[in-house]
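The following exercises are to be worked with the sequence and the coordinates at hand. Each task is followed by a solution in steps.

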2 protein chains.
Amino acid sequence: MAMIRKPDDDAVQPGLLTELIGYNLRRAQMAVFGDFHRILESEDIRAAQFAILEILRRNPGLRQTQAGTALGIKTANFGPMFDGLERRGLVERRSIAGDRRAKGLFLTDAGTHMLGRLDDQVTAHEQRFAARLGLGGKSQLLGLLHRLSDPAFDTSY
Amino acid sequence: MAMIRKPDDDAVQPGLLTELIGYNLRRAQMAVFGDFHRILESEDIRAAQFAILEILRRNPGLRQTQAGTALGIKTANFGPMFDGLERRGLVERRSIAGDRRAKGLFLTDAGTHMLGRLDDQVTAHEQRFAARLGLGGKSQLLGLLHRLSDPAFDTSY
DNA sequence: TATTGTTATACTCTATAACTATA
DNA sequence: TATAGTTATAGAGTATAACAATA
């Protein structure tokens, strides 16, 4: 067998990519979400569904458009996602007095209990990653991330 | 018309979500990628395809498994993604002397030129977001993100 | 036996457009 | 006319499993 040099994966030169904020955001998100998904598996729900449940815990009675806007989910996609949760009895739509087009969204008791079962695990997950960031690292990170997501920090206009 | 109070979108209480590192990573990534996608539209390519082109610019001759591993794309998915670029003449597979299973991946001249056309726009995009982060903010952010994506910082084992 | 890559397939998420019903 | 929500549909991205060829 000839001694063809097999390139080592570690020897891949990162180049421009690792200098890009967006690429590094994606890598970090993959790591954090991978861990988070493992937790949600225990209740067989997805991250997007968890976000819906969580925002309804804090804001019972929200309308679909509001919940969707707050989470960055389009109206046309929110409906089917919510249907899945409703079929499992975790949430419910209630009619709103005064506007027969809109519906108020609520957690059921089953939904509330599921979130309760996840609370400790989610807290542990969060603390694991906060620990990686060191003292004050998390609040520093969140501050920087808000500058990226908040259009008010865009000075290019 | 009755004076039903229509809840204001701004009044949605964020709750737990905005305390989660993962959720804030996602929001920031949506903002940065939204801007980035607008740039890539001009050449009609996707972010994942850009990443493939970019890593081949720096690492010509990479094998599929290596490129996929480096970018976090599974082997079974890398092939079809690469096919799309190859059909457009931006990249090519070449046989490797000594291993008839593997193929070396290369940019074509067309692929190199496309990356060249994007360079200035990508740099401008990057500077826009770096500006939002303030002096030293970007290197601070990248340092924190690496702690999240690098398993070596996981102290929970 | 292990590795490189392909094929098939399914699911989630995202995006757009056309539509109904109410306001 | 505008708004709340639904339906249909298409595309990208991700995941697993089975497979062929080669090492």
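**Exercise 1. The sheet of chain A**

In which sense do β2(A) and β3(A) pair, and over how many bridges?

Solution. The model is predicted: local features need pLDDT of at least 70, side-chain atom pairs count only at pLDDT 80 or more, and totals for chains, interfaces and linings use all residues. Residues are numbered from 1 along each chain as its sequence is written, chains are lettered from A and ligands numbered from 1 in the order in which they are written, and side-chain values use heavy atoms, with hydrogens and water left out.

Step 1. Helices (H or I, at least four residues) and strands (E, at least two) are DSSP runs, numbered from the N terminus. Two strands pair if DSSP finds at least two bridges between them.

Step 2. Between β2(A) and β3(A) there are six bridges, and the pairing is antiparallel. A:Ile96 stands opposite A:Asp99 in β3(A), and A:Arg93 has A:Leu105 in β3(A) as its bridge partner.

Step 3. The two strands form a hairpin with two residues between them, and A:Gly98 in the turn has a positive phi of about 105 degrees.

Step 4. The open sheet has three strands in the order β1-β3-β2 (chain A), with antiparallel pairing. Its edge strands, each pairing on one side only, are β1 (62-63) and β2 (91-96) of chain A.

**Exercise 2. The surface near DNA strand D**

Determine which residues come nearest to DNA strand D, and describe the surface that they belong to.

Solution. Step 1. A residue is near a strand if one of its heavy atoms lies within 4 Å of it. Around DNA strand D there are 21 residues, of which A:Gln64, A:Thr65, A:Arg101, B:Asn77 and B:Arg100 come nearest. Of the atoms of DNA strand D that come within 4 Å of the protein, 61% are accounted for by sugar and phosphate.

Step 2. Sort the residues by class: Ala, Val, Leu, Ile, Met, Phe, Trp, Tyr, Cys and Pro count as nonpolar, Asp, Glu, Lys and Arg as charged, and the others, Gly among them, as polar. The surface near DNA strand D then comprises eleven charged, six polar and four nonpolar residues.

Step 3. Look for polar contacts (pairs of N or O atoms within 3.5 Å; within protein, one must be able to donate a hydrogen and the other to accept it, and residues adjacent in sequence count only if both atoms are side-chain atoms). A phosphate oxygen of DNA strand D lies 3.4 Å from a polar side-chain atom of A:Arg93, and another contact places a phosphate oxygen 2.9 Å from a polar backbone atom of B:Arg100. The side chain of B:Arg46 has an N or O atom 3.2 Å from a sugar or linking oxygen of DNA strand D.

Step 4. Two or more residues of this surface come from each of α3 (64-71), α4 (75-87) and β3 (99-107) of chain A, and from each of α4 (75-87) and β2 (99-107) of chain B.

**Exercise 3. The surface near DNA strand C**

Which parts of DNA strand C do A:Arg46, A:Arg101 and B:Gln64 contact?

Solution. Step 1. The nearest of the 21 residues around DNA strand C are A:Asn77, A:Arg100, B:Gln64, B:Arg101 and B:Lys103.

Step 2. The side chain of B:Gln64 has a polar atom 2.8 Å from a phosphate oxygen. For A:Arg46, a polar side-chain atom is 3.3 Å from a sugar or linking oxygen. The side chain of A:Arg101 has an N or O atom 3.5 Å from a base oxygen.

Step 3. Sugar or phosphate holds 63% of the atoms of DNA strand C within 4 Å of the protein, and the rest belong to bases. The residues of this surface are four nonpolar, six polar and eleven charged.

**Exercise 4. Two residues and their burial**

Are A:Asp154 and B:Ala102 buried or exposed?

Solution. Step 1. Buried means under 20% relative accessible area, exposed over 50%, and partly exposed in between (1.4 Å probe, protein chains only).

Step 2. A:Asp154 is in the segment after α6 of chain A and counts as buried because its relative accessibility is 19%. Its side chain makes a polar contact with the side chain of B:Arg132 at 3.2 Å.

Step 3. B:Ala102 is in strand β2 of chain B and is buried, since its relative accessible area is 15%.
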